[in-house]
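The exercises below are meant to be worked through with the sequence and the model side by side. Try each task before reading its solution.

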Amino acid sequence: MSVHVIADSRDKLSALRLMLPMQLEPNFYMLSDIKAATAPDADAVVVAVDIRVVDNIAVLKEVMYGMSHAAKRLFLIDGKSHIHSAQAYALGATRVLHNPVSPSVLIAQLSDQVVMNWSGSSAAAEATRSAALASQRLSTAFTSVARGFKVDVGGMEEAATAIADSVMDHGLSNWLATVRRHHEGTYQHCLLVAGVAVDFGVSLGVPQADIRRLAVAATFHDIGKACIPLEVLDKPGKLDPEERAMIETHSSRGYDVLKGTPGISDEVLSGVRHHHEFLDGSGYPDGISGNSIPDLVRLLTISDIFGALIEDRRYKAPMPREDAYEILLKMRGKLEAPLVAAFRQVALGQ
Ligand SMILES: [Fe+2]
Ligand SMILES: [Fe+2]
């Protein structure tokens, strides 16, 4: 494989030169010198550029456009802000790593040959494109929320359609594998849950229009997490009671930022607000129970829990789908039993 390394200072290039072994065939460029059009194709790009600097963004935009063929585009960024992560994804990152990044983490990210070999099939390539588009729309929506702007409903629908089409055309397993290999954190979670929810809706024979609504609700169900600091959101290990309480505000905050947005449906709003409610009333934010929880929300809640269990996080290995389904089966009284039974073919199927 070959890797292009792009930095905005000689010091950063030198540090990366020490970190990357020659087997990866790294080529080192200063941002100010690189012409993407003349750089040879590479399998991966590592970007160590301060994206808080407006001039850097303009140059990077052009450079990254020319490098969109690279299967992996890693951005190493300072600070843990949603806005900078989202900015990196908007510039074409497939994964964002927060400085300081250790050599072993960087090499592990670059050495995953599976992606290179596996993305040869057309189903995988199509899923990769759909996931990239949906992730880009997610990052735009998260940035809007973090900045206090209105969310673009057209962009939300476009993301949901891309996911629904990919899952319906090429199957859930193909979607889950693609998302887990290319995406991380909250975006990975949202993309996984959306794929699971679409497959669940299709398996139940839900009408197309409702599948689209379910896909939008699932893709954006955690949009309120844009209001929660990344230190809390991505904290490995146990949260203290205060942090847990802060995270639990995300569903009502998501609802608050989306309500009143022109074009957003009541079903989507309800999915965003109520996806952590349980049939026995033990959920949040409103503690509603039984029939007060709409059908779409019940599908979303099951998909959300399953998606969270099978996601691939840096500090936690993904749980096998069979084990995740066992956990759903044990949540008696909280989830609708016939729906959990019907979910079996989604959880254990192709
Ligand atoms: Fe949530
Ligand atoms: Fe979630």
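**Exercise 1: the iron site**

Along the sequence, the donor residues of the iron ion (ligand 2) follow the spacing H-x31-H-D-x81-D. The structure is a predicted model, and the task is to find which residues stand behind this pattern and to describe how their donor atoms are arranged around the iron ion (ligand 2).

Solution. Begin with the donors themselves: the protein supplies His189 (NE2), His221 (NE2), Asp222 (OD) and Asp304 (OD), which lie 2.2 Å from the iron ion (ligand 2). Next, consider the angles: the 4 donor atoms subtend 81 to 166° around this ion, and the arrangement is therefore irregular. Then look for the second metal, since the iron ion (ligand 1) is 3.3 Å from the iron ion (ligand 2), with aspartate 222 coordinating both. The site also brings together distant parts of the chain, because histidine 221 sits in the loop between helix H10 (208-219) and H11 whereas aspartate 304 belongs to helix H15, 83 residues apart. Finally, check accessibility: both histidine 221 and aspartate 304 are buried.

**Exercise 2: salt bridges and their exposure**

How many salt bridges does a search of the whole structure find? Take the pairs formed by glutamate 243 and by glutamate 336, and decide for each partner whether it is buried or partly exposed.

Solution. The search of the whole structure yields 14 salt bridges. In one of them, the side chain of glutamate 243 meets that of lysine 235, at 2.8 Å from N to O. Glutamate 243 has a relative accessible area of 17% and is buried, while lysine 235, at 26%, is partly exposed. In another, glutamate 336 and arginine 298 meet through their side chains at 2.5 Å, N to O. This pair links distant parts of the chain, with glutamate 336 in the loop between helix H16 (321-330) and helix H17 (337-342) and arginine 298 in helix H15 (residues 295-310), 38 residues apart. Here glutamate 336 counts as partly exposed at 25% relative accessibility, and arginine 298 counts as buried at 13%.

**Exercise 3: the surroundings of helix H3**

Which residues of helix H3 (residues 82-90) are buried, and against which elements do they pack?

Solution. First list the buried residues of helix H3, namely His82, His84, Ser85, Ala86, Ala88 and Tyr89. Then follow their contacts, which lead to strand S4 (72-77), strand S5 (95-98), helix H6 (122-147), helix H9 (185-203) and helix H11 (230-233). As a last step, look beyond the end of H3, where glycine 92 follows with a positive phi near 110°.

Technical notes: Residues numbered from 1 in each chain as written. Chains lettered and ligands numbered in written order. Predicted model: local features only at pLDDT ≥ 70, side-chain atom pairs only at ≥ 80, totals over all residues. Heavy atoms only, no water. Salt bridge = Lys/Arg side-chain N within 4 Å of Asp/Glu carboxyl O. Buried < 20%, exposed > 50% of the residue type's maximum accessible area, 1.4 Å probe, protein only. Helix = DSSP H or I, 4+ residues; strand = E, 2+ residues; numbered from the N terminus. Contact = heavy atoms within 4.5 Å. Donors = N, O, S within 2.8 Å, 3.2 Å for Na, K, Ca; no water. Tetrahedral: all angles 85-135°; square planar, octahedral: opposite > 155°, others 65-115°.
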